[in-house]
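Dear colleague,

I am handing over the structure we talked about, and my notes on it follow below. Please keep it open beside you while you read.

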Amino acid sequence: MYRNFIYIACSFALLAMMSSCKENEKNAPEVSEQEQTIVEVDTLSLHSQVFYKQLLCNGKLTAIRKADLQCPKQGEILQSVSVKNGDYVTKGTLLATIDIQDKMAELEKAKHDLERAKVELQDKLIGLGYDENLSKIPADVLHRAEITSGYYSTKFQLETAQKAIEDCRLYAPFDGKIANLEARAHQAGSKFCTLIDDSFFEVDFKILEAELLFVKEGQTVRISPFISEKEAYNGIITEINPTIDEKGMVKVKARIKNTSSTLMDGMNVRIIVENAVPDMFVVPKESVVERDGYHVIFLYDSKTNRAVWTYVDIVYSNLSSFAITGCAGKETEIHEGDIVITSGNLNLADETEVRISNK
């Protein structure tokens, strides 16, 4: 009887569970077949074109001309300073002066002395039987008369007084910008400022011995400041130092015309040396992914609208692109006109259905 009781109880429990499952099936929402997600991608068509191999280096800009200017009459009080840091000045611009009152008095005295000496010279020449037409007087006679009359010495004193006044003034020796200004009006000093001619810059950089054949004099380079890498300026290689240092490096120098207010003396820059390689298949770097230790691109099959996994080899690389060929290890090929998927590659697998967004 006990066994019968157990059997009957289990039967009732099983019936209850089956009834509950049927009730849940009635209340459950109807599940529709999920549609497969279609990945939207961008593409490009492969065509043979020029690829630009790039050699990347770092360097520093140096102004084509730079001079440290000293205060006039070092140690004396400056009367005026006419410039400030950042000012652009042309050759001959007056930058500073010291007090010239004493020098002006000496200049006036020298002028008066010269006038008196001229009168004495004329009297002496008349006494020798010559008139005021100096061109008719023999040179040796005129020279002796200038010395004995005092004209020669007073003329020299006037020139000395004029030069002394000029030495009290500081002029710009060439066109450029004022930098590192140390002098102040009504103070004594030695260094005045640094004058920088930044119409052109020179940039020194180093390359490896193995890269020496990559560069040559007259070659164009692109130069970008680190503070604004979107800006690029063309320069020309002007020097290649014909020696290799103990680290296996070769020093190269390029020159760039300053066409921007961004560039400054001492600025750190990136130098890109480019060489053109013709007849290459070029794709953006984001087109290539790494799978199973190989480089892979996805080609678009227009018949099935699917991505086709394709192994490739990278021949060259630059900042933004790869030059590619078919993979020798996997015996794959790529051809002119193949459509390469250039976006969303990380989420793709072989035979993934895709839709072209830029068709």
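A residue is called buried when its relative accessible area is under 20%, exposed when it is over 50%, and partly exposed in between. Please bear in mind that this is a predicted model.

With that cut-off, Lys206 counts as partly exposed, because its relative accessibility is 46%. Lys206 forms a salt bridge with Asp245, in which the closest N and O atoms are 3.5 Å apart. This pair links distant parts of the chain, since Lys206 lies in strand 9 and Asp245 in the loop between strand 11 and strand 12, 39 residues apart. Asp245 is also partly exposed, with a relative accessible area of 23%.

The structure holds 17 salt bridges, and another of them joins the side chains of Asp197 and Arg65 at 3.3 Å, N to O. Here too distant parts of the chain are linked, with Asp197 in strand 9, Arg65 in strand 3 and the two positions 132 residues apart. Asp197 counts as buried because its relative accessibility is 10%, whereas Arg65, at 40%, is partly exposed.

Which residue of helix 4 is worth a look as well? My suggestion is Thr154, which has its place in that helix, residues 151-166, and which is buried, with a relative accessible area of 10%. The side chain of Thr154 reaches the backbone oxygen of Gly150 at 3.0 Å, and, leaving aside neighbours within four places in sequence, Thr154 is in contact with Ala110, Asp113, Leu114 and Ala117.

Best wishes

Conventions
Residues numbered from 1 in each chain as written. Predicted model: local features only at pLDDT ≥ 70, side-chain atom pairs only at ≥ 80, totals over all residues. Heavy atoms only, no water. Helix = DSSP H or I, 4+ residues; strand = E, 2+ residues; numbered from the N terminus. Buried < 20%, exposed > 50% of the residue type's maximum accessible area, 1.4 Å probe, protein only. Polar contact = N/O pair within 3.5 Å; in protein donor to acceptor, adjacent residues only side chain to side chain. Contact = heavy atoms within 4.5 Å. Salt bridge = Lys/Arg side-chain N within 4 Å of Asp/Glu carboxyl O.
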